[in-house]
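Student: I'm new to this structure and would like a close look at one part of it. Could you walk me through the largest cavity and what surrounds it?

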Amino acid sequence: MIELDGHGMLLGRQTPLIDSYAPQLLYPISRASGRELIGCRQAQPFTGSDLWHAYEISWLDPQGKPEVRVGLLTVPASSANMVESKSLKLYLNSLNNTRFDSDAAVAAIIQGDVTRVVGAQVQLELWEVDDDRLAGFVDHPIGLDLQPLVAGGAVFRQPPHDVPPKAAE
C-alpha cells in the first residue's frame, strides 16, 4: 500500500502498482489558499466547473471480462477541494481488477468517492471509446473487440498473482 507522508500528495513520487479498489488514494487539495491569493475570502464572484477527461476507465464485468470507457468528470468550482491529478489516475486504475454489474455501478462508486474528497456533488458521464463525442480527441481505437467472446458462456479469469507472465515467443 502507498504510505502518504505529511504532505500526502503523490505527484512526483514513485508509487507501486495498486491492483485492488483503493478510494483512500484520492487526495484533496484545498481551493482556499488559491482563492485567497485572488482576494476571494467569502463568496466567490464566479461560477463554473472543472472538467476532467479520463481516457481509460476500466473494470471487469460480472464474468471477468474487461470493460473500458472514457469518462467526463464534472467537479463544481464551488467545491472546497480539488482532487490531485496523480491520485485520481491511480484511484481510477485501482478499479481495473474490480467486478461491477454495470456502467451505472461504476459511475456511482466513482461519483461517491470523488464527491467525498472534493466536498461537493460531482457528475460522471461514461462513454464508449468510439463515442462520437470524442471525435477530434481520440482516433478510433485499434484492437480486439472482446464483446463477441462472451457468447457461449466464456468466463474470464485472472491468473494468480504468483504466476509469472509467459515469456514472449
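**Around the largest cavity**

Tutor: Let's start with a pair of residues that face each other: Leu73 sits opposite Leu124 in β5. Keep in mind that this is a predicted model. The strands behind that pair, β3 and β5, run antiparallel and are joined by five bridges. Both Leu73 and Leu124 also turn up in the lining of the largest cavity, so to speak of one is to come to the other.

Before going in, here's the overall layout. The protein chain has three helices and five strands, and along the sequence they follow the pattern β-α-β-β-β-α-α-β. Of its 169 residues, 34% count as buried. Take the contacts between residues at least 6 apart in sequence: 67% of them join residues at least 24 apart.

Now for the cavity itself. How many cavities of 30 Å³ or more does the count give? Just one cavity, and the space in the largest cavity is about 50 Å³. Its lining is made up of Trp52, His53, Ala54, Ile57, Leu73, Leu88, Leu92, Ile110 and Leu124. Two elements, β2 (49–60) and α2 (85–93), give two or more residues each to that lining. The biggest giver is β2, with four residues. Sorted by class, the lining comes out as eight nonpolar residues, one polar and no charged ones.

Next, follow β2 outwards. This strand pairs with β3 (residues 66–76) in the antiparallel sense, over ten bridges. At one place in this pairing, Leu60 stands opposite Pro66 in β3. Five residues lie between the two strands of the hairpin, and Gly64 there has a positive phi near 95°. As for β3, that strand is mostly covered, with nine of its eleven residues buried.

The other element to look at is α2. Its buried residues are Lys86, Ser87, Leu88, Leu90, Tyr91 and Leu92. Among what covers them are β2, β3, β4 (81–83) and α3 (103–118).

Several of the lining residues belong to a wider story, the largest nonpolar core. In soluble globular proteins, nonpolar side chains tend to be buried together. Here the largest nonpolar core has 25 residues, and Ile57, Leu88, Leu92, Ile110 and Val114 have the most contacts inside it. At least two core residues come from each of β2, β3, α2, α3 and β5 (123–127), while α3 supplies the largest share, six residues.

Which residues does Ile110 touch, if those up to four places away in sequence are not counted? The list is Ile57, Tyr91, Leu92, Leu95 and Leu124. Ile57, Leu92 and Leu124 are also cavity-lining residues, as is Ile110.

Last, a look at Val118, which has its place in helix α3. Is Val118 buried or exposed? Val118 counts as buried because its relative accessibility is 0%. Setting aside neighbours within four places in sequence, Val118 is in contact with Val75, Ser79, Ala80, Asn81, Met82 and Val83. One of these, Met82, is 36 residues away from Val118 in sequence, yet their C-alpha atoms are 5.5 Å apart in space.

Definitions and conventions:
Residues numbered from 1 in each chain as written. Predicted model: local features only at pLDDT ≥ 70, side-chain atom pairs only at ≥ 80, totals over all residues. Heavy atoms only, no water. 1 Å grid on protein atoms, 1.4 Å probe; cavity = no way out; pocket = protein on both sides within 12 Å on 5 of 7 lines; lining within 4 Å. Points joined across faces, edges and corners; volume = space filled by probe spheres on them. Nonpolar A, V, L, I, M, F, W, Y, C, P; charged D, E, K, R; others polar. Pairing = 2+ DSSP bridges. Buried < 20%, exposed > 50% of the residue type's maximum accessible area, 1.4 Å probe, protein only. Contact = heavy atoms within 4.5 Å. Core = buried A, V, L, I, M, F, W, Y, C linked by side-chain atoms within 4.5 Å.
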